[in-house]
Amino acid sequence: MSHTMAQHKTESTERSTAREPAQAVGRTALAASRRRLVMGNWKMHGGRAANAALLRGLMAGAGGAAGCELAVCVPFPYLAQAREALGNSSISWGAQDVSAHDHGAYTGEVSAAMLADFACRWTLVGHSERRAMHGETDQLVAAKAAAALAAGITPVVCVGESLAEREAACTNDVISRQLAPVLALGAASVMRMVLAYEPVWAIGTGRSASPEQAQSVHAHIRQALSALGAGPVRILYGGSVKAANAANLFVMPDIDGALVGGASLVAEEFLRIAAV
Ligand code: PEP
């Protein structure tokens, strides 16, 4: 099956294999059928030499995380390096953003077709750093997700509330608002996505959401997905995930893996997260 054709299958079930029994603790058989995905977000870190060492380390240790799908989202200039290094491995690669436009006078933008040229499997869309620093709206994030899908790339749609929003007890409302234009793309499209819940206050702070806090929001998202007919979509948790807290997050019934920032820059730590 071609890479593009594979994208048209349900994201949560394609390439899936039975989850290792130890990983299924606390999760129903249905939850266990959503294969765990651990994805690194390198953000604006790296360089050719450091990347080469990191990618070598990941490939050398990936066998220890055989029950888990591994991926890295790298800065645009290093897509070619990731493709070259990872091409024959089980680790997939992606970008951290994509344009909503197909082509044209959009200086600095990178289209989904360009990412597809590098055989990207994934792109993040709507990371909170882009929402906050680049003014990305919920509608723009949905348009980016649609553009990625049209090029056969799986968008990982990030949502999450700020600390002020959590303290005002409107977390679920914020998540619902952020998701609304994405869900409006319809069940067939949403089934080809991955979602990531990343509370803004937990990103890069060392303060992860507790498993219960994360599960509560994941359950809210799952309910919205199920109502649409897209219940099997994987939902990752992101925000200060480390080997030390991953196991307690991963036993939660609606947490299907992690989007990992800082800890993805150290091969051993990233692999330990994937191997729990
Ligand atoms: C992220 O950038 O998506 C992220 C979750 O970062 P960190 O793991 O460093 O909190």
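What span should the 14 residues of helix H3 (residues 48-61) have at 1.5 Å a residue, and how far apart are its end C-alpha atoms? The structure is a predicted model, in which local features need pLDDT of at least 70 and side-chain atom pairs count only at pLDDT 80 or more, whereas totals for chains, interfaces and linings use all residues. Residues are numbered from 1 along each chain as its sequence is written. Helices (H or I, at least four residues) and strands (E, at least two) are DSSP runs numbered from the N terminus. With the expected span taken as 1.5 Å times one less than the number of residues, H3 should span 20 Å, and its end C-alpha atoms are 20 Å apart, which agrees.

Within H3, Asn 51, Leu 54, Leu 55 and Leu 58 are buried (20 or more other C-beta atoms within 10 Å of the residue's own, against 12 or fewer for exposed and partly exposed in between, with C-beta atoms placed from the backbone). These residues cover an arc of only 95 degrees around the axis, taken from the directions from the helix axis to the C-beta atoms, which puts them on the same side of H3. On the other side of H3, Ala 49, Ala 53, Arg 56 and Ala 60 are exposed.

Strand E3 (residues 92-95) is joined to strand E2 (residues 69-73) by 3 bridges, and the two run parallel, pairing of strands requiring at least two DSSP bridges; Gly 94 in E3 is the bridge partner of Cys 73. Ser 92 and Gly 94 point one way from E3 and Trp 93 and Ala 95 the other way, all of them being buried.
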